[in-house]
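Colleague: I have a model open and would love a close look at one part of it. Could you walk me through the charged pairs, and then place them among the other elements?

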Amino acid sequence: MRFELVPIQESDTSAVGLKYRINVNMDLSVSNMSDDTVVLKTNVKISQGLGPENLIANRKDKTCIIPLPSWVENRVQEQPFMDTQFLYILIPDKEDSNLLVSYDVIGTGLFFYIQQLNYPDVFVYPFDYEYIYPIGIPINKIEVTAPDSMKIFYSHKKGTNMNEEITLSFINKKYFQEENLKIKDIKINIFTPDSLVNDTSLIQRKKELQTYINTLSPYTTKKEEIDILLLNWRDEKNRNAFGRVFGNLCICDYKFAANSLFHEVLHIIFPSKVEAFTKGEYFIKESIIEWLTLYLSQRLDKIDMTLKLGDQNLYDTHINDITTWKLIYNIGPMILQKIAKNEQVGEERLAKVIIDFLQEREGRITDYVDFISYLEKYVPFEIAQELDSIVKGLL
Ligand SMILES: [Zn+2]
């Protein structure tokens with residue numbers, strides 16, 4: 001599957017005010033058809049003019065290319081931002097075929113959101129916001145191209161339940177300055193908007209980030225390239241700043257503290273695959289990473305050990321938003337610190353156990369139960385049990 005970012009001509013009145021569209025182009029092999037129509041599904045959230053258009057399907061034979069009838073149907077859902085599109089391709093003889101399929105799509109999602117925050121030349125298409133590519137078909141390989149003025153970031157992974165997880169991002173190189181940090185075989189590229197290059201606080205935080213990254217040296221031998229894109233990405237009214245990892249790209253608000261940037265870097269270096277709605281998911285997805293962030297940046301003493309669990313528990317927490325942040329990012333690390341402080345464990349041992357666990361499970365699906373049984377092997381059984389009980393809200 002090839003994705004090409006294509007400039008929209010100013011004379012194109014169908015997309016006034018928009019700068020780019022994506023041309024999706026694929027080699028699609030079809031076999032064992034029971035019906036004469038191939039149906040591909042995308043879900044561009046608001047499809048009016050932004051969903052797939054200009055669908056073209058051809059069958060590739062040994063000697064020639066045969067055009068096939070094809071059309072797009074948009075289904076507007078009653079709830080906003082839930083539209084789906086069906087791309088139909090008719091193969092009258094139902095024969096096994098190699099097809100060449102292409103369409104154009106503009107898409108919505110984060111793309112518009114970040115655009116509103118004054119970065120007209122940042123485009124992000126995350127798979128979990130909307131699928132601009134067909135859902136549920138296995139994708140062998142992707143290629144991404146864009147005009148020379150644009151820097152491309154992309155990631156392609158098989159997610160849990162084998163869904164293809166593709167995120168495409170593009171920024172205009174003209175408006176960003178690139179800096180590089182290196183620790184062993186890990187290269188970190190930081191992209192800062194021109195307007196913030198001389199921000200003294202940001203310069204200071206980037207220096208701090210470098211010192212934190214140096215502490216990773218004994219723990220990893222990985223070869224990795226990480227991109228950090230700093231933007232204005234926050235909700236001033238509610239005093240929230242955002243950051244997210246898309247494959248090897250981390251996009252975060254430029255006011256992020258150095259340790260928050262480091263937290264995101266750790267997600268990339270020690271990734272975990274935990275299925276949504278499994279028990280204790282956010283303890284594994286976030287709390288252990290936050291504790292590790294504090295350990296490696298020598299800030300464990302910043303943990304407030306007097307926090308009370310309240311009615312919520314981490315074990316049954318399945319959302320990560322303002323209502324659960326304290327639980328996930330403060331109470332979770334506090335629980336781990338209680339265990340680390342036990343002289344039969346110690347901070348260094350706990351850090352090693354967490355890192356080894358994440359490294360050994362990389363690329364595989366894991367969960368909370370798996371973590372607890374791993375922990376039981378490396379710390380005294382009763383201590384692992386105690387941690388389990390606190391996470392479950394039983395102690
Ligand atoms: Zn995180």
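Colleague: Which side chain does Glu 164 meet in a salt bridge?

Modeller: Happy to take that up, with the reminder that this is a predicted model. The partner is Lys 158, and the N to O distance of this salt bridge is 2.4 Å. The two ends sit in unlike surroundings: Glu 164 has a relative accessibility of 4%, under the 20% limit, and therefore counts as buried. Lys 158, at a relative accessible area of 33%, is partly exposed.

This pair belongs to a total of 18 salt bridges. Another one brings together the side chains of Lys 187 and Glu 225, at 3.6 Å from N to O. Here the link spans distant parts of the chain, since Lys 187 lies in strand β14 (residues 186–193) and Glu 225 in strand β15 (residues 224–231), 38 residues apart. Lys 187 is partly exposed at 30% relative accessibility, and Glu 225 is partly exposed too, at 41%.

A further pair is Arg 234 with Glu 236, whose closest N and O atoms are 2.7 Å apart. Arg 234 is buried, with a relative accessible area of 11%, while Glu 236 is exposed at 54%. Beyond such pairs, Lys 222, Glu 224 and Glu 362 are joined into one network by salt bridges that share partners.

Now for the other elements. Six strands make up an open sheet of mixed pairing, in the order β5-β4-β8-β2-β1-β10. At its edges stand β5 (65–68) and β10 (143–145); each has a single partner strand, so one side of each lacks a neighbour in the sheet. From one strand to the next, the twist averages 20°. Within this sheet, β4 (residues 53–60) and β8 (residues 97–105) run antiparallel and are joined by five bridges. If you want a place to zoom in, Ala 57 has Val 101 in β8 as its bridge partner.

Finally, have a look at the helices α7 (residues 368–378) and α8 (residues 381–391). Their axes are 8 Å apart and the packing angle is about 155°. That angle is over 145°, so the two helices are roughly antiparallel to each other. On the α7 side, the contact is made by Tyr 368, Phe 371, Ile 372, Leu 375 and Glu 376. They meet Phe 381, Ala 384, Gln 385, Leu 387, Asp 388 and Val 391 of α8. Sorted by class, this contact holds eight nonpolar residues, one polar and two charged.

Conventions
Residues are numbered from 1 along each chain as its sequence is written. This is a predicted model: local features need pLDDT of at least 70, side-chain atom pairs count only at pLDDT 80 or more; totals for chains, interfaces and linings use all residues. Side-chain values use heavy atoms; hydrogens and water are left out. Axes are lines fitted to C-alpha atoms, for helices over the stretch in contact, and angles run from 0 to 180 degrees between N-to-C directions. Helices (H or I, at least four residues) and strands (E, at least two) are DSSP runs, numbered from the N terminus. Angles under 35 degrees count as roughly parallel, over 145 as roughly antiparallel, 65 to 115 as roughly perpendicular and the rest as oblique. Contact means heavy atoms within 4.5 Å. Ala, Val, Leu, Ile, Met, Phe, Trp, Tyr, Cys and Pro count as nonpolar, Asp, Glu, Lys and Arg as charged, and the others, Gly among them, as polar. Two strands pair if DSSP finds at least two bridges between them. A salt bridge is a side-chain nitrogen of Lys or Arg within 4 Å of a carboxyl oxygen of Asp or Glu. Buried means under 20% relative accessible area, exposed over 50%, partly exposed in between (1.4 Å probe, protein chains only).
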